[in-house]
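Open the model in your viewer and keep the selection panel at hand. The stops below go from one strand pairing out to the sheet, the ligand and the whole chain.

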Amino acid sequence: MTTHYYTASSLDGFIATADHSLDWLLRQDIDEAGPMAYAGFREGLGAMAMGAHTYEWVMRHDEGGWDYTLPAWVFTHRELDIPDGADIRLTQEDVRAVHGEMVGAAGDKDIWLVGGGELVGRFADAGLIDEVWIQYAPVTLGSGAPVLPRALDLELIDAARNRNFLCGRYRVLRAE
Ligand SMILES: NC(=O)c1ccc[n+]([C@@H]2O[C@H](COP(=O)([O-])OP(=O)(O)OC[C@H]3O[C@@H](n4cnc5c(N)ncnc54)[C@H](OP(=O)(O)O)[C@@H]3O)[C@@H](O)[C@H]2O)c1
């Protein structure tokens, strides 16, 4: 079981503009069945987690609303609306406790941390991230939501080009 942070970033390390726009990302060309794309990544997953702003973005922008079948944990201090039938748990628990619940739900499958960066940083602080996958779009944003605002050492274990994207897969190195 592996815990992944899988996301797309600008070249200067932002996953969204300050006003939560992903227009810079959505206009890029990617082969959804190509190297390191979401379709292949998705197959190994058994659970997912995200912060409230990411959840709200998905609910605003994904056509037809929430279409994930994975059990999902959404970190929030608010009572967010949950679509009928969606397997979503709102939580403000410590990331260690939530990760334990996710491992239990995922069986022998992997965990996807969707973002944002500060929430993923909390998982990193607790030593709970194994891999970081970043699809770099050919833009700089100058400011915005940081991809992972922590100091971590990573080992590059795979790299690919997928149309407009430079894709990197990294293993998180832990202090001995
Ligand atoms: N480029 C990509 O592929 C990609 C991927 C993922 C996300 N995104 C975008 O990046 C942006 C991320 O926004 P963001 O940095 O603000 O991060 P976020 O993690 O999505 O949202 C942060 C909010 O989540 C809640 N939260 C986070 N940690 C919590 C905790 N431990 N306990 C309880 N609540 C917690 C808080 O909301 P409340 O206190 O209001 O409840 C917090 O203000 C979004 O616009 C998203 O759409 C982009």
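**Stop 1: strand β4 and its neighbours**

Select β3 and strand β4 (residues 72–75), which pair in the parallel sense over 4 bridges. Two strands pair if DSSP finds at least two bridges between them. Helices (H or I, at least four residues) and strands (E, at least two) are DSSP runs, numbered from the N terminus. This is a predicted model, in which local features need pLDDT of at least 70 and side-chain atom pairs count only at pLDDT 80 or more, while totals for chains, interfaces and linings use all residues. Residues are numbered from 1 along each chain as its sequence is written.

Zoom in on Gly51, whose bridge partner in β4 is Phe75. Now add helix α3: α3 packs on the sheet and touches β3, β4 and β6. The direction of α3 makes about 105 degrees with that of β3. Contact here requires C-beta atoms, placed from the backbone, within 7 Å. Axes are lines fitted to C-alpha atoms, for helices over the stretch in contact, and angles run from 0 to 180 degrees between N-to-C directions.

Next, show the side chains of β4. Ala72 and Val74 point one way, Trp73 and Phe75 the other way, and all are buried. A residue is buried if 20 or more other C-beta atoms, placed from the backbone, lie within 10 Å of its own; it is exposed if 12 or fewer do, and partly exposed in between. β4 also runs parallel to β5, joined by 4 bridges, and Ala72 stands opposite Ile88 in β5.

**Stop 2: the sheet**

Color the strands in the order β5-β4-β3-β6-β1-β7-β10-β9; these 8 strands form an open sheet with mixed pairing. At its edges are β5 (88–91) and β9 (153–162), each of which pairs on one side only. On average, neighbouring strands of this sheet are turned by 20 degrees against each other, direction ignored. Select α5 as well: α5 lies across β1, β3, β4 and β6 and runs at about 140 degrees to β6.

**Stop 3: the ligand**

Which residues are closest to the ligand? They are Gly51, His53, Trp57, Gly115 and Gly116, out of 26 that surround the ligand, each with its C-beta atom, placed from the backbone, within 6 Å of it. Among the elements giving two or more residues to this shell are β3 (45–51), α3 (52–61), β6 (110–115) and α5 (117–125).

**Stop 4: Ile15**

Select Ile15, in strand β2. Ile15 is buried, with 24 other C-beta atoms within 10 Å. Leaving aside neighbours within four places in sequence, the contacts of Ile15 include Thr7, Gly115, Gly116 and Val147. Measure from Ile15 to Leu166: the two are 151 residues apart in sequence and 15 Å apart in space, C-alpha to C-alpha.

**Stop 5: the whole chain**

Zoom out to 5 helices and 10 strands. The radius of gyration, taken over C-alpha atoms, is 15 Å, close to the 16 Å that the globule rule gives for 176 residues, so the chain is as compact as a globular protein of that length. That rule is 2.2 Å times the number of residues to the power 0.38. Buried residues make up 32% of the 176.

Terms used: Two residues are in contact if their C-beta atoms, placed from the backbone, lie within 7 Å.
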